[in-house]
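This report is meant for a reader meeting the structure for the first time. It moves from the strands to the cores and then to a few single residues.

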Amino acid sequence: MNKVGDSYLTMALHPIGVMVLLLPASIESQTTIGGVIVSNNMGEGAQEATVIAVGDRAETVAVGQTILYDDRSNSLSPCYIDGKHHLLIGEHDILARLEDH
């Protein structure tokens, strides 16, 4: 179920073009009674996330990869899928891929 305003919808989210859907590694946030998200780690720069889906023109990342992204990016859009906090971001704002040695 996806949150749109105060409603939850059942649908899939497919990024378009160079957009990438991310699941942040950890978002230390609180939701107020009015539904406003107050996050403690946003605006600090590089953050870790897992790639959930990629647009048809994204070339440098793939689903399942762990990446670093700039959480101060102008292309960053928060969204909720199945009640979990996700982010849509332009591929150009992904800073690095993280890989095990």
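## Strands and overall make-up

Two strands are said to pair if DSSP finds at least two bridges between them, and the elements themselves are DSSP runs numbered from the N terminus, where a helix (H or I) has at least four residues and a strand (E) at least two. The model is a predicted one, in which local features need pLDDT of at least 70 and side-chain atom pairs count only at pLDDT 80 or more, while totals for chains, interfaces and linings use all residues. Residues are numbered from 1 along each chain as its sequence is written, and side-chain values use heavy atoms, with hydrogens and water left out.

The protein chain has ten strands and zero helices, and its pattern, read along the sequence, is β-β-β-β-β-β-β-β-β-β. Of its 101 residues, 34% count as buried, where buried means under 20% relative accessible area, exposed means over 50%, and partly exposed lies in between (1.4 Å probe, protein chains only). Contact here means heavy atoms within 4.5 Å, and among the contacts between residues at least 6 apart in sequence, 59% join residues at least 24 apart.

## How the strands pair

Strand E8, which covers residues 77–81, runs antiparallel to E9, and five bridges join the two. Within this pair, Pro-78 stands opposite Leu-87 of E9. The two strands form a hairpin with two residues between them, and Asp-82, in the loop between E8 and E9, has a positive phi of about 55° although it is not a glycine. Most residues other than glycine have a negative phi. Asp-82 counts as exposed, at 56% relative accessibility.

E7 takes part in two pairings: it pairs with E6 in the antiparallel sense over five bridges, and four bridges join it to E10, again antiparallel. On the E6 side, Thr-50 has Thr-66 in E7 as its bridge partner, whereas on the other side Ile-67 stands opposite Arg-97 in E10.

## Nonpolar cores

A nonpolar core is a set of buried Ala, Val, Leu, Ile, Met, Phe, Trp, Tyr and Cys residues joined through side-chain atoms within 4.5 Å. The largest one in this model has twelve residues, among them Val-20, Leu-22, Ala-49, Val-51, Ile-67, Tyr-69, Leu-87 and Ile-89. Strand E3 (19–24), strand E6 (46–54), strand E7 (66–70) and E9 each supply at least two residues of this core. Apart from it lies another core, of five residues, which include Leu-21, Cys-79, Ile-81 and Leu-88.

Ile-67 is a member of the largest core, and, leaving aside its neighbours within four places in sequence, its contacts include Leu-22, Ala-49, Val-51, Val-61 and Ile-94, as well as Gln-47, Glu-48 and Arg-97.

Ala-53 has its place in strand E6 and counts as buried, at 14% relative accessibility. Its C-alpha atom is separated by 5.1 Å from that of Leu-21, although the two residues are 32 apart along the chain. With neighbours up to four places away left aside, Ala-53 is in contact with Pro-15, Val-20, Leu-21 and Val-63.

## Charged side chains

A salt bridge is a side-chain nitrogen of Lys or Arg within 4 Å of a carboxyl oxygen of Asp or Glu, and by this rule the count comes to two. In one, the side chains of Arg-72 and Asp-70 meet at 3.3 Å, N to O; Arg-72 is exposed, with a relative accessible area of 52%. In the other, the closest N and O atoms of Arg-97 and Glu-99 are 3.8 Å apart; Arg-97 counts as partly exposed at 44% relative accessibility, and Glu-99 as exposed at 57%.

What surrounds Asp-93, which is found in the loop between strand E9 (84–90) and strand E10 (94–98)? Asp-93 is buried yet has no salt bridge, and the nearest side chain of opposite charge, Arg-72, is 9.7 Å away; in this reckoning Lys and Arg count as positive and Asp and Glu as negative, with His and the chain ends not counted. The side chain of Asp-93 does make a polar contact with the side chain of Ser-75, at 2.6 Å. Such a contact is a pair of N or O atoms within 3.5 Å; within protein, one must be able to donate a hydrogen and the other to accept it, and residues adjacent in sequence count only if both atoms are side-chain atoms. Not counting residues up to four places away in sequence, Asp-93 touches Tyr-69, Asp-70, Ser-73 and Ser-75.
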